[in-house]
Each structure stands twice: as structure tokens, then as C-alpha cells.
Amino acid sequence: MSNHTRCRWAESDPLLQQYHDEEWDRPVHDSRLLWEMLMLEGFQAGLSWLIVLRKRQAFTQAFAEFEPQQIAAFGPEAVEQLLQNPGIIRARAKIEAVIHNAKVYLTLQQQGQDFSHWLWSKVDNTPIASHAPELPQSPLSQQLSRELKKLGFKFVGPVIVHSWLQAVGVINDHQHDCFCLHQALFRTKRDNLDVKSL
């Protein structure tokens, strides 16, 4: 890994460094991937993101490459098998929430609602620059948490949603001395997008 200055949360482990440098805060517009990241953030609740990263490959295998149509078909037997899988976080409520949320995602799809369009329309397709990266939630995450719950999603509290928004590039929350902050600002300018401020 490089010797660049990073956000403090990413300094302690090579896996966190790689995730921070190569994935975190990159704007995601693929609906299925946005849904997958939201599900992984739900598994993080009460734990650390490093635990999720270390188990990410096992999660992908256990949850059918995070294809909502396949996950929605998981029944009680599949849940019990997942609870016996040592490679993932074995929390029944979280596992059942993913299956439930797959059904919600598919219902939205059937209604003609694109998940990516839904999310990015909330910020006019423009990443938001945050000046308070230490805060665990934001007015936007509180708003979207309420809206996601109204749509039927579970495990989408404002802290989970805020972490998700950071991860998928909706909120640019790199610390002021992080080398990726300047890359993110350049990327949005290059793509002819303005960066709004919270």
C-alpha cells in the first residue's frame, strides 16, 4: 500500500487501506450493487466494517452473488443453512432482513422504480461534500432511512444509511488531509458534476 495520508479509519489494516483507496466513496450507479452494499452495511451494524470485508467473499457465495431474484426465493431451510455458515455473520435477524429486502427490491423493480435513479435523484445526481466526517449520521441519511422504511426495507437506520451513502459515493466524506479527497473532487469536476455541500 502507498504511504499517502488516508482517512484515519482506514489506516489500521491493509484490507481497509485497499478498500478505502480503490472502492470507498466511488460513485455507484448500478442498482444491484447499490442494494448489495446496503445489505452489507446492514450486516455491519454493531460490528466493524473490517469484519464485513474479511467475510465479503463468503457473503457473496452464501447469498448467490447478491442476486435479489435468487435471494428472494430463500426459504426457512436456506436460513438455517446460512446460520450454520461460519464464513458469514450469523445473525438471524440480519439474514432474514436481506431475504425480505430482496423481495422489496424486486417489487420496486416490477413497479418500474430503478433503485439507482431513486437514490441519486435525492441529490440531483450530484455527490455531496461533507464537512463533518466524524458524525455517524446526517440529515440526508435520516431522510432516506425514513423513506427506505416506508418502501418496506429493514435494517436501514440512519447510521447504516449514512455509512452506505459514504461507501457508494453519494456523500464525499474523506477527511480534509486524505489524498483521496482531492481525487474525488477532481473526478466530479472531470465528470462535469458539481459537488454540493451538506
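**Figure 1. What lines the largest pocket of this predicted model.** Sort the lining residues of the largest pocket by class and you get 13 nonpolar, seven polar and four charged. The pocket itself has a volume of about 470 Å³. Its lining is made of 24 residues, and the closest to the pocket's centre are Glu41, Gln44, Trp49, Ser163 and Gln166. Which elements give two or more residues to this lining? They are H1, helix H2 (31-44), helix H3 (49-54) and helix H10 (158-167). H10 hands over the largest share, with six residues.

**Figure 2. A look at helix H1 and the residue that caps it.** H1 covers residues 14-22, and it is one of the helices that help line the largest pocket. Which residue caps the N-terminal end of H1? That's Asp13: one of its side-chain oxygens sits 2.8 Å from the backbone nitrogen of Leu15. Within the helix, Leu16, Gln17, Tyr19, His20 and Asp21 are buried.

**Figure 3. Inside the largest nonpolar core.** This core brings together 60 residues. If you want to know where the contacts inside the core pile up, look for Trp35, Phe63, Phe115, Leu119 and Trp164, which have the most. Helix H7 (residues 92-110) gives the core eight residues, the largest share.

**Figure 4. Zooming in on Phe63 and Phe74.** Phe63 is among the residues with the most contacts inside the largest nonpolar core. Leaving aside residues up to four places away in sequence, which residues does Phe63 touch? The list is Phe43, Ile71, Phe74, Leu82, Ile88, Ile95 and Val98. Now pick out Phe74 from that list: it lies in the loop between helix H5 (68-71) and helix H6 (76-83). Along the chain Phe74 and Phe63 are eleven residues apart, and 9.3 Å separates their C-alpha atoms. Phe74 has its own set of partners, again not counting residues up to four places away in sequence: Ala62, Phe63, Ala64, Leu82 and Ile99. Leu82 is touched by Phe63 and by Phe74.

**Figure 5. The largest cavity and its lining.** How many cavities of 30 Å³ or more does the structure hold? There are two, and the largest has a volume of about 60 Å³. Leu38, Met39, Gly42, Phe43, Lys94, Ala97, Val98, Asn101, Lys154 and Phe155 form its lining. By class, that makes six nonpolar, two polar and two charged residues. H2 and H7 each supply at least two of the lining residues. Two names may ring a bell from the previous view: Phe43 and Val98 line this cavity, and Phe63 touches both Phe43 and Val98.

**Figure 6. Pro86, a loop residue.** You'll find Pro86 in the loop between H6 and H7. Is Pro86 buried or exposed? It counts as exposed because its relative accessibility is 58%, and the cut-off for exposed is over 50%. Its C-alpha atom lies 9.5 Å from that of Lys55, although the two residues are 31 residues apart along the chain.

**Figure 7. Stepping back to the whole protein.** Eleven helices and three strands make up its list of elements. Read from the N terminus on, they go α-α-α-α-α-α-α-α-β-α-α-β-α-β. Of the 198 residues, 50% are buried. Among contacts with a separation of 6 or more, 68% are between residues 24 or more positions apart.

Technical notes
Residues are numbered from 1 along each chain as its sequence is written. This is a predicted model: local features need pLDDT of at least 70, side-chain atom pairs count only at pLDDT 80 or more; totals for chains, interfaces and linings use all residues. Side-chain values use heavy atoms; hydrogens and water are left out. Buried means under 20% relative accessible area, exposed over 50%, partly exposed in between (1.4 Å probe, protein chains only). Helices (H or I, at least four residues) and strands (E, at least two) are DSSP runs, numbered from the N terminus. A polar contact is a pair of N or O atoms within 3.5 Å; within protein, one must be able to donate a hydrogen and the other to accept it, and residues adjacent in sequence count only if both atoms are side-chain atoms. On a 1 Å grid over the protein atoms alone, a cavity is a set of points where a 1.4 Å probe fits but cannot get out, and a pocket is an open set with protein on both sides within 12 Å along at least five of seven lines; lining residues have an atom within 4 Å of a point. Grid points are joined across faces, edges and corners, and a volume is the space filled by probe spheres set on the points. Ala, Val, Leu, Ile, Met, Phe, Trp, Tyr, Cys and Pro count as nonpolar, Asp, Glu, Lys and Arg as charged, and the others, Gly among them, as polar. A nonpolar core is a set of buried Ala, Val, Leu, Ile, Met, Phe, Trp, Tyr and Cys residues joined through side-chain atoms within 4.5 Å. Contact means heavy atoms within 4.5 Å.
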